[in-house]
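Let's take a walk through a protein model together. Keep the 3D view open and turn it around as you read.

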Amino acid sequence: MKKIAILFILMVSVLLISCQQESYSTEKQDKRNYQSDHKKEPEIVEVNAEVEEETDEEEMSEQDTANESEQTDDTVEQEEDGLKVIDDPKSVELVVNKQRKLPDGYEPDDLVEANVSYYAAEGDPKRLLRQVAANALEELFQAAETDGLDLVAVSGYRSYQRQKQIYENNVATKGQEHADKFSAKPGTSEHQTGLAMDVASAALVAVLEQSFIETDEGKWLEENAHKHGFIIRYPEGKEDITGYSYEPWHLRYVGEDMATEIYQAQTTLEEYFGLYP
Ligand SMILES: [Zn+2]
């Protein structure tokens, strides 16, 4: 009797153990399945979701940009003789070129003379720049002097009226085609912004020529102008983009951050703003 009872207990416990094991392994299996399901599927879903989201965002931002530029074209910027009229001429980030002109008669209201060496006589408006650019020019000239170089400021601000005279005079004496090639139409000269200055080496002061880049001053400017917020506005090999031949002497103030980005990317203002396709 005792033997039977012990045998019965043994059988029951063996049965119990094997049942537990089975349920344990099923659980394990389930868990594995669950994990593998959840490891694979959500990943794919997530990746797809991200891609979709990004695409949506891109599409949306593209649309926004398109809407914005349409708005700018239609409501803010006006056209005149096929040229865009810049609506915010006071911005130091503005782009003036052969396609984008300043409003007729625009004159900056903060023109000052920088404390630097000038080629132009006292009282000449060529000595003027907007305050922010004049301050930066002083820093630039001081840095050049520290490095043993001798810069001279040749030509800064030029009024709408003055540019008109130059242009009309060129048309009268050299013909329309020549005038359009070598002088800016009134309103399209960057010198009217008060943010541009032509500079020269003191030794070659009367000459604004491409050979300026062969002087120590020209080389120094190319490498250092951006540190003080200026860019070489018409770089070599970018004539198709800027509309102007290489002018190593023509500096344009855009502020330190933008100047540094443009310098590092070896690009142009037009490309920086995506105005050149
Ligand atoms: Zn110039």
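Below we go from the core to the strands around it, then to the metal site and the charged pairs. One thing to keep in mind is that this is a predicted model.

Let's start on the inside. In soluble globular proteins, nonpolar side chains tend to be buried together. Here, the largest nonpolar core has 32 residues. If you want to find the ones with the most contacts inside this core, look for Leu137, Leu140, Phe141, Trp220, Leu221, Phe230 and Leu251. Which elements give two or more residues to this core? They are the helices α2 (131-146) and α5 (216-224), plus the strands β6 (151-155), β7 (196-201), β8 (230-234) and β9 (247-253). The largest share comes from α2, which supplies eight residues.

Zoom in on leucine 137 to get a feel for this packing. If you skip its neighbours within four places in sequence, leucine 137 is in contact with Ala114, Val116, Leu129, Ala153, Met197 and Phe230. There's also a second, separate core, made of seven residues, with Val95, Val254, Met258 and Ile262 among them.

Now for the strands, beginning with β7. Six of the six residues of β7 are buried, so this strand is largely enclosed by the rest of the structure. Look along β7 and you'll see Ala196, Asp198 and Ala200 pointing one way, while Met197, Val199 and Ser201 point the other way. Whichever way they point, all of them are buried.

What does β7 pair with? One partner is β6: the two pair in the antiparallel sense over four bridges, and valine 152 stands opposite alanine 200 in β7. Another partner is β9, which is joined to β7 by three bridges and also runs antiparallel to it. On that side, alanine 196 stands opposite arginine 252 in β9. Carry on from β9 and you reach β8, since β8 and β9 pair in the antiparallel sense over four bridges. Here tyrosine 234 has glutamate 247 in β9 as its bridge partner. Strand β8 is mostly covered as well, with five of its five residues buried.

Next up is the zinc ion. Which residues coordinate the zinc ion? They are His191 (through NE2), Asp198 (through OD, listed twice) and His250 (through ND1), at 2.1 to 2.8 Å. Along the chain, these donors follow the spacing H-x6-D-x51-H. Aspartate 198 in strand β7 and histidine 250 in strand β9 are 52 residues apart, so to speak distant parts of the chain that get linked here. Both are tucked away: aspartate 198 counts as buried because its relative accessibility is 5%, and histidine 250 counts as buried because its value is 2%. As for the geometry, the four donor atoms subtend angles of 52 to 151° around the zinc ion, which makes the arrangement irregular.

Let's move to another part of the model. There you'll find an open sheet of three strands in the order β1-β2-β3, with mixed pairing. The strands β1 (78-80) and β3 (100-101) stand at the edges, each with a single partner strand, so one side of each is left without a neighbour in the sheet. Strand β2 (residues 83-85) runs parallel to β3 and is joined to β3 by two bridges, and lysine 84 stands opposite arginine 100 in β3.

Last come the charged pairs. Side chains of opposite charge can pair when their charged atoms come close. How many salt bridges does the model have? The count comes to nine. In one of them, the side chains of lysine 101 and aspartate 104 meet at 3.0 Å, N to O. Lysine 101 is buried, with a relative accessible area of 5%, whereas aspartate 104 is partly exposed, at 45%.

Arginine 130 forms a salt bridge with aspartate 110, and their closest N and O atoms are 3.0 Å apart. Arginine 130 lies in strand β5 (residues 128-130) and aspartate 110 in the loop between β3 and β4 (111-113), so the pair ties together parts that are 20 residues apart in sequence. Glutamate 271 and lysine 238 form a salt bridge too, with closest N and O atoms 3.2 Å apart. This pair links helix α8 (residues 269-272), home of glutamate 271, to the loop between β8 and α6 (239-242), where you'll find lysine 238. Finally, look for Glu190, Arg233, Arg252 and Glu270, which are linked in a network of salt bridges.

Methods. Residues numbered from 1 in each chain as written. Predicted model: local features only at pLDDT ≥ 70, side-chain atom pairs only at ≥ 80, totals over all residues. Heavy atoms only, no water. Core = buried A, V, L, I, M, F, W, Y, C linked by side-chain atoms within 4.5 Å. Buried < 20%, exposed > 50% of the residue type's maximum accessible area, 1.4 Å probe, protein only. Contact = heavy atoms within 4.5 Å. Pairing = 2+ DSSP bridges. Donors = N, O, S within 2.8 Å, 3.2 Å for Na, K, Ca; no water. Tetrahedral: all angles 85-135°; square planar, octahedral: opposite > 155°, others 65-115°. Salt bridge = Lys/Arg side-chain N within 4 Å of Asp/Glu carboxyl O.
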